[in-house]
Amino acid sequence: MDTAQVVAETDLAAVQQAAARLAGVAKHTPLLASEYFSALSGNEVRLKAENLQHTGAFKLRGAYNKLAQLTPEERARGVITSSAGNHAQGVAYAAQKLGIKAVICMPATTPILKVEGTRALGAEVVLHGDGFDDAYAYSRELEKQHGYVYVHPFDDLQVLLGQGTTALEIMQDWADVDVILVPIGGGGFASGVALAAKLTNPHVQVYGVEPENAACMKTALRQGEVTTLPSAETVADGCAVKRAGELTYAFCQQYLDGILTVSEMEIMNALLSLIEKHKLIAEGAGVLSLAALAKLPCRHKRVAAIVSGGNIDISTLSALIAKALIARGREFCFSVQLPDKPGQLLAVSQILADQGANVIKLDHDQAMVTDSFQKVVLTVTVETNNEQHIERICRALAQGGYAVTKVY
C-alpha cells in the first residue's frame with residue numbers, strides 16, 4: 001500500500017482506537033491558560049503541557065500504541081529503535097510495561113539525562129554517531145543482525161496515530177479551539193495531531209513549527225518531495241532531523257495548514273519565558289510552538305500551543321538561559337582600561353551602582369595590557385534590565401572617562 005492510499009484510508013476511528021489503548025497508560029496532560037503568551041501573540045493561548053507526560057514527553061503515546069499491537073512472535077524478538085532521546089524513553093517505557101526487550105541506538109552527543117533516563121527504564125542503550133541519522137543507520141544494521149522489530153520514531157502509521165491522541169485531548173478540553181501549534185522533527189507528531197484535529201473539526205487550523213536550521217518538512221513541502229538537508233544543527237535537539245519521513249510527509253501535505261520556522265534565539269527566548277512566566281521546564285524542541293506564537297497569521301483566535309517535552313539536562317538548560325539573558329539585554333559583559341593606581345576600581349563600581357547595575361563577575365588583569373605598564377584591564381559582568389539600561393551604563397562610563405569595549 002503506497003503512502004497516498006494509507007493517508008486516504010486512515011480515519012478518525014484509528015486515532016480513537018489508539019486513545020483506548022493508551023487509557024491508563026498515558027496521562028491526559030493539562031491545558032494551561034497563559035496570560036503572558038496570549039498578550040505576546042494577540043490570541044487566547046493555552047499550553048498543552050506534554051512536558052508533564054510520563055517520561056517527560058509525548059513520545060510514549062506513539063511508542064505504546066505501536067508496541068501494544070505486536071504479535072506474540074514479534075514481542076519475543078524484541079524491539080529496536082533510534083532516537084535523540086524522547087522516543088527512546090517512550091519505547092523503553094512501553095516495552096517495560098509490556099514485558100518486551102528494547103534496544104535503543106542514540107547519538108553519542110545525546111544529553112546524559114536522556115541516556116540515563118532510557119537505561120533506568122530497562123532498555124539497552126547503544127551510543128553511536130554524531131546525530132540522529134547516524135544512530136538510525138546503525139540501528140537498522142542491528143535490526144538485521146539480531147532480528148529485532150523496528151519501531152520508527154516518526155515514519156510509522158501506528159506511532160503517528162498514538163501521537164494524534166494529543167489533539168483529541170486538546171479538543172475534548174477546549175471544544176472551540178481555532179488553532180493548534182505542533183513541533184516538527186521528522187513529522188510524526190504533526191501528522192498525528194493534524195490528522196486527528198482535522199477529522200474531528202475541519203475548521204481547526206494546524207501549523208507545524210520547525211527550527212530554521214532543521215526545516216526538513218518545510219523543505220520537502222516546498223520542493224514537492226522528501227529531501228535530505230545538508231545539516232540539522234539546532235538547540236532543539238529533539239527536532240534535529242535532516243530528512244522527514246515519507247509517510248509523515250504525505251500526512252502533513254494533506255492535513256497541515258502551514259509550517260512556521262523559528263530562529264535559535266527565538267527558541268531560547270521562548271524557553272526562558274516559559275520558565276519565568278509559568279515555572280515550567282521544557283527542552284529546546286519542547287518550546288518550538290511557543291517560539292512561533294508571534295508569527296501566527298491570525299489574531300483574536302483560540303490557540304493551543306503544544307509544549308512537547310521537558311527532558312533537558314541542567315548544564316544545557318543553564319547555557320540556554322544564559323544566552324537568552326544576553327540576547328534580552330539582561331546580562332552585559334564589558335571591559336575598560338584603567339590607570340594602575342588606587343581608587344579606580346571603586347570609581348567604576350560607583351558608576352555601576354549609580355546606574356542600578358548589579359555586578360556578578362569581575363576580573364582585574366594587569367597582564368592583558370601589553371603596551372603600557374601603567375594600565376590594567378577591568379572586565380565586568382553585570383545584571384541589567386534591557387538594552388536601554390545597557391546604553392545608559394555605557395554613557396555613564398563614557399562620561400566618567402572610561403572607553404567601554406563590549407564583550408557580550
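**Exercise 1.** In which loop is Thr 55 found? Describe its backbone and its burial as well.

*Solution.* This is a predicted model, so we work from its computed geometry.
Step 1: look along the chain between strand S2 (44-49) and helix H4 (59-67); the loop joining these two elements holds Thr 55.
Step 2: check the backbone. Phi of Thr 55 is positive, about 70°, although Thr 55 is not a glycine.
Step 3: judge the burial. Thr 55 has a relative accessibility of 17%, and buried means under 20%, so Thr 55 counts as buried.

**Exercise 2.** Now try His 300: is this residue buried or exposed? Place it in the chain too.

*Solution.* Step 1: find helix H14 (288-291) and strand S10 (302-307); His 300 sits in the loop between them.
Step 2: read the backbone angle. His 300 is a residue other than glycine, yet its phi is positive, near 60°.
Step 3: compare with the cut-off. The relative accessible area of His 300 is 73%, and exposed means over 50%, so His 300 is exposed.

**Exercise 3.** Which helix gives the largest share of the lining of the largest pocket? Build up a picture of the pocket on the way.

*Solution.* Step 1: start with the space. The largest pocket holds about 430 Å³.
Step 2: go to the centre. Of the 20 lining residues, Thr 109, Asp 130, Gly 131, Phe 132 and Ala 240 are the closest to it.
Step 3: sort the lining by character, which gives eight nonpolar, six polar and six charged residues.
Step 4: assign the lining to elements. Helix H8 (residues 132-146) supplies the largest share, with three residues.

Note on methods. Residues numbered from 1 in each chain as written. Predicted model: local features only at pLDDT ≥ 70, side-chain atom pairs only at ≥ 80, totals over all residues. Heavy atoms only, no water. 1 Å grid on protein atoms, 1.4 Å probe; cavity = no way out; pocket = protein on both sides within 12 Å on 5 of 7 lines; lining within 4 Å. Points joined across faces, edges and corners; volume = space filled by probe spheres on them. Helix = DSSP H or I, 4+ residues; strand = E, 2+ residues; numbered from the N terminus. Nonpolar A, V, L, I, M, F, W, Y, C, P; charged D, E, K, R; others polar. Buried < 20%, exposed > 50% of the residue type's maximum accessible area, 1.4 Å probe, protein only.
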